[in-house]
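Good morning, colleagues. Please turn to the sequence and the structure that I am about to display; I shall then discuss the ligand and its surroundings.

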Amino acid sequence: MIKRERGIIFVVSAPSGTGKTTLCKMLLSDLEGIVFSVSYTTRPPRKGEVNGRDYFFVSEEEFRELIKKGELVEYALVYGNFYGTSKSFIEEKISNGLDVLLDIDVQGAKRILEYYTDAVGIFIFPPSFDELRRRLEKRGTDSPEAVETRLMIAKKEMKMADMYHYWIVNDHLERAYVNFKSIFIAERSRSGRLTVEGL
Ligand code: 5GP
């Protein structure tokens with residue numbers, strides 16, 4: 001009786017080390033009707049990453065070609081590599097009624113929220129700066145200088161958190177996940193996104 005014609009675009013951003021990837025993966029394996037937006041990137045694949053599932057891995061030349069063709073709804077330089085959101089990917093999914101989850105940085109999120117005015121923005125915060133530093137150090141992938149750079153970038157990103165509709169604090173994974181998932185469920189129930197058939 002109640003129908004939703006178009007899928008919803010969910011844009012999720014967070015400083016690195018906040019647990020965004022974990023929350024997104026939990027959601028994608030838990031909820032039906034939502035897919036991960038596969039971006040283009042010029043960075044080389046990491047171990048275990050699959051072309052077409054994690055990213056579309058392309059050369060800088062191919063990336064420039066995509067920009068020229070208007071295939072990227074937004075793109076940004078993140079830590080020295082180009083990343084861009086595929087317009088055709090998103091539009092194909094939402095026009096088929098599937099929701100799309102975008103895991104992109106704040107610059108890209110700004111552009112998406114401006115372009116798709118009914119998209120939903122979610123920003124994930126760490127519990128504190130001290131905790132974020134601890135998590136980054138524990139990961140062991142960055143030098144002490146790189147950790148400081150990431151913390152500085154984290155502060156800059158948090159200054160842009162106002163443009164997101166929802167804020168989540170990842171203090172405790174299970175608790176944060178309940179809050180995170182609730183956003184998707186609530187947004188799917190908004191009357192403005194639904195129509196009643198047969199009236
Ligand atoms: P990673 O290389 O670790 O997969 O991603 C690095 C950063 O790039 C993350 O903050 C991620 O959210 C961001 N990112 C991934 N895809 C896109 C995209 O299509 N556009 C933008 N602007 N950022 C992206």
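How do the residues of the shell around the ligand divide into nonpolar, polar and charged? In this predicted model, five are nonpolar, four are polar and six are charged. The shell comprises 15 residues, of which Ser39, Arg43, Tyr55, Tyr83 and Asp105 come nearest to the ligand.

Allow me to proceed to the individual contacts. The side chain of Tyr83 places an N or O atom 2.4 Å from an oxygen atom of the ligand. Gly84 contributes through its backbone: an N or O atom there lies 3.2 Å from a ligand oxygen atom. For Asp105, the partner is a nitrogen atom of the ligand, which lies 2.6 Å from a polar side-chain atom of that residue. As for burial, the ligand taken alone exposes 520 Å², and the protein buries 86% of that.

Where, then, does the ligand sit? The ligand occupies the largest pocket. Two strands deserve mention here: strand 6, residues 72-78, and strand 7, residues 81-86, each supply at least two residues of the shell around the ligand.

I turn finally to the protein as a whole. Its secondary structure consists of seven helices and eleven strands. The C-alpha trace spans about 65 × 45 × 30 Å along its principal axes. The radius of gyration is 17 Å, which agrees with the value near 16 Å for a compact globule, because the protein has 199 residues.

Notes:
Residues numbered from 1 in each chain as written. Predicted model: local features only at pLDDT ≥ 70, side-chain atom pairs only at ≥ 80, totals over all residues. Heavy atoms only, no water. Near = heavy atom within 4 Å. Polar contact = N/O pair within 3.5 Å; in protein donor to acceptor, adjacent residues only side chain to side chain. Areas by Shrake-Rupley, 256 points an atom, 1.4 Å probe, with all protein chains shown as cover. 1 Å grid on protein atoms, 1.4 Å probe; cavity = no way out; pocket = protein on both sides within 12 Å on 5 of 7 lines; lining within 4 Å. Sits in = over half its atoms within 2 Å of the grid points. Helix = DSSP H or I, 4+ residues; strand = E, 2+ residues; numbered from the N terminus. Nonpolar A, V, L, I, M, F, W, Y, C, P; charged D, E, K, R; others polar. Rg over C-alpha atoms; globule rule 2.2 N^0.38 Å.
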